[in-house]
Amino acid sequence: MTIEGIRLKFLEFKRKGGAKFRKKKINKEQFTIISNNCWGGETYESYNLIKQSPTVGLFFWASDYIKFISDIHHYLNQSLEFIDPTESKYYDKLKLTHGYGTYPVAKLGDIEIFFMHYSSEQQVTEKWKRRIKRIDWNHILYKFNDQNGCTEEDIRRFSELPLKNKICFTVNDNFSKFPNVIKIKAPKSHKFIRASYEPFGKSRYIDINKLINSL
């Protein structure tokens with residue numbers, strides 16, 4: 001197992017083990033996190049809450065995520081179109097990443113979604129539709145980070161979107177100059193934030209409990 005894998009296992013234990021205590025720190029149980037990766041689902045787990053967002057257990061290429069949240073109602077009204085992973089426009093960038101080709105990939109209009117923690121198209125479809133119905137549009141947080149081909153232009157566009165509640169995590173000093181972007185300390189060899197470095201609950205970087213309470 002890699003160092004990142006070990007860190008993720010430890011954090012899973014920490015998230016779930018402290019969920020009951022952490023849940024007492026938030027003032028609502030109904031809220032939606034629209035995330036570019038698995039952070040949203042992990043955050044729900046950290047409070048022992050049902051997942052109230054379709055963006056759970058998956059990831060977007062950075063520029064596609066910006067498109068998605070820029071016109072989210074339009075995209076959520078589209079039907080998922082599953083494709084062979086080799087047909088993805090990002091195949092050359094993702095073909096050597098862990099597990100690529102073993103999980104469903106789908107187009108949603110002109111963007112693509114990678115359902116890395118799903119085993120079948122049927123499972124994706126059922127959970128996607130069910131969780132869309134759970135979206136709480138009155139209490140919503142948009143979360144981004146510097147993974148999956150993210151550029152400074154993507155960060156700038158995210159910061160400029162007229163969305164009330166949004167947050168972005170990065171390891172890049174240059175990206176942290178934009179509003180709503182938080183620099184997370186990581187090894188210098190990391191060119192983008194790893195999943196195990198993204199904060200949850202209360203951390204030295206941000207108090208996610210307070211952020212949820214403010215939604």
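Two strands count as paired if DSSP finds at least two bridges between them, and the elements themselves are DSSP runs, numbered from the N terminus (helices are H or I with at least four residues, strands are E with at least two). The model is a predicted one, so local features need pLDDT of at least 70 and side-chain atom pairs count only at pLDDT 80 or more, while totals for chains, interfaces and linings use all residues. Numbering starts from 1 along each chain as its sequence is written, and side-chain values use heavy atoms, with hydrogens and water left out.

With that settled, the sheet comes first. It is open, has 4 strands in the order β2-β5-β4-β3, and its pairing is antiparallel. The edges are taken by β2 (59-60) and β3 (81-83); each has a single partner strand, so one side of each is left without a neighbour in the sheet. As a reminder, strands of a sheet pair through backbone hydrogen bonds, either parallel or antiparallel. Here β3 pairs with β4 (residues 105-108) in the antiparallel sense over 3 bridges, and E81 sits opposite K107 in β4.

A helix also packs onto this sheet, in the sense of contact (heavy atoms within 4.5 Å). Helix α4 (residues 62-70) lies across β2, β4 and β5 (111-114), and runs at about 110° to β5. That angle is taken between N-to-C directions on a scale from 0 to 180 degrees, with axes being lines fitted to C-alpha atoms, for helices over the stretch in contact.

Next, the charged side chains. A search of the whole structure turns up 12 salt bridges, each being a side-chain nitrogen of Lys or Arg within 4 Å of a carboxyl oxygen of Asp or Glu. Exposure is graded by relative accessible area: buried is under 20%, exposed is over 50%, and partly exposed is in between (1.4 Å probe, protein chains only).

One of the bridges joins E29 to K23, with the closest N and O atoms 3.8 Å apart. Both ends are partly exposed, E29 at 44% and K23 at 27%.

Helix α8 (residues 152-160) holds E153 and R156, which lie 3 residues apart, about one turn of the helix. Their salt bridge has its closest N and O atoms 2.3 Å apart; E153 is partly exposed at 39%, as is R156 at 28%. R156 also bridges to E160, at 2.5 Å between the closest N and O atoms. E160 and R156 are 4 residues apart in helix α8, again about one helical turn, and E160 counts as exposed at 53%. Elsewhere, salt bridges that share partners link R15, E45 and K51 into one network.
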